[in-house]
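Me: I have a structure open here and would like to talk it through with you. Shall we take it piece by piece?

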Amino acid sequence: MKNLKVLPVTMSSLEIAEMMGKRHKNVLRDIEEELASVGLNGLSFELVYLGGNGEKRKMYNLPKDECLLVVTRYDSV
């Protein structure tokens with residue numbers, strides 16, 4: 001068990017949208033704005049998933065700190 005690697009805690013933009021009752025496209029916009037406001041590049045967290053129609057769509061997979069940055073935005077509205 002010496003080589004056990006601990007993975008960072010993350011949450012996807014899809015999970016954030018569902019949890020907060022928001023549309024995913026709006027969560028994407030908010031993530032991009034929040035990351036830019038603290039000088040982070042969203043490309044570091046960007047992934048692709050297949051939508052219901054098989055179309056490739058953008059999503060983000062955020063580490064805990066970046067996720068909290070976005071979620072607290074909704075909490076304060």
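Me: Is S13 buried or exposed?
Reply: Happy to start there, with the note that this is a predicted model. S13 sits in helix α1. Buried means under 20% relative accessible area. S13 has a relative accessibility of 0%, so it counts as buried.

Me: Which residues is S13 in contact with, leaving aside neighbours within four places in sequence?
Reply: Some of the partners belong to helix α2, since H24, V27, L28 and I31 of α2 take part in the contact with α1. With M59 and Y60 added, the full list for S13 is H24, V27, L28, I31, M59 and Y60.

Me: How are helix α1 and helix α2 placed, roughly parallel or roughly perpendicular to each other?
Reply: Helix α1 covers residues 13–20 and helix α2 residues 24–37, and their axes come within 9 Å and cross at roughly 115°. Angles of 65 to 115 degrees count as roughly perpendicular. The two helices, α1 and α2, are therefore roughly perpendicular to each other.

Me: What is the handedness of the crossing of α1 and α2, and how many residues of the contact are nonpolar?
Reply: The crossing of α1 and α2 is right-handed. On the α1 side the contact is made by S13, L14, I16 and A17, and on the α2 side by H24, V27, L28 and I31. Sorted by type, the residues of this contact include no charged ones and two polar ones, and the nonpolar ones number six.

Me: Which residues have the most contacts inside the largest nonpolar core?
Reply: As background, nonpolar side chains in soluble globular proteins tend to be buried together. Here the largest nonpolar core has 13 residues. The elements giving two or more residues to this core are α1, α2, β3 (56–63) and α3 (64–75). Those with the most contacts inside the core are I16, V27, I31, Y60 and L62.

Me: What does L62 touch, not counting residues up to four places away in sequence?
Reply: L62 is among the residues with the most contacts inside the largest nonpolar core, and so are I16 and I31. Both I16 and I31 are among the residues that L62 touches. The complete set for L62 is V9, T10, M11, I16, I31, L35, F45, C67 and V70.

Me: Is D30 buried or exposed, and which residues does D30 touch?
Reply: D30 has its place in helix α2. With a relative accessible area of 4%, D30 is buried. Not counting residues up to four places away in sequence, D30 touches R73 and Y74.

Me: What separates the C-alpha atoms of E18 and R73?
Reply: E18 lies in helix α1 and, at 70% relative accessibility, counts as exposed. E18 and R73 are 55 residues apart along the chain. Their C-alpha atoms are separated by 15 Å.

Me: Where is E55, and what is its relative accessible area?
Reply: E55 is found in the loop between β2 (46–50) and β3. Leaving aside neighbours within four places in sequence, E55 is in contact with Y49 and L50. E55 is partly exposed, and its relative accessible area is 43%.

Me: Zooming out, which pattern does the protein chain follow along the sequence?
Reply: The secondary structure comes to three helices and three strands. Of the contacts with a separation of 6 or more, 56% are between residues 24 or more positions apart. Read along the sequence, the pattern is β-α-α-β-β-α.

Me: How many of the residues count as buried?
Reply: The C-alpha trace spans about 45 × 35 × 25 Å along its principal axes. The protein chain has 77 residues, and the share that counts as buried is 30%.

Methods. Residues are numbered from 1 along each chain as its sequence is written. This is a predicted model: local features need pLDDT of at least 70, side-chain atom pairs count only at pLDDT 80 or more; totals for chains, interfaces and linings use all residues. Side-chain values use heavy atoms; hydrogens and water are left out. Axes are lines fitted to C-alpha atoms, for helices over the stretch in contact, and angles run from 0 to 180 degrees between N-to-C directions. Helices (H or I, at least four residues) and strands (E, at least two) are DSSP runs, numbered from the N terminus. Angles under 35 degrees count as roughly parallel, over 145 as roughly antiparallel, 65 to 115 as roughly perpendicular and the rest as oblique. A crossing is left-handed if the near helix is turned anticlockwise from the far one by less than a right angle, and right-handed if clockwise. Contact means heavy atoms within 4.5 Å. Ala, Val, Leu, Ile, Met, Phe, Trp, Tyr, Cys and Pro count as nonpolar, Asp, Glu, Lys and Arg as charged, and the others, Gly among them, as polar. Buried means under 20% relative accessible area, exposed over 50%, partly exposed in between (1.4 Å probe, protein chains only). A nonpolar core is a set of buried Ala, Val, Leu, Ile, Met, Phe, Trp, Tyr and Cys residues joined through side-chain atoms within 4.5 Å.
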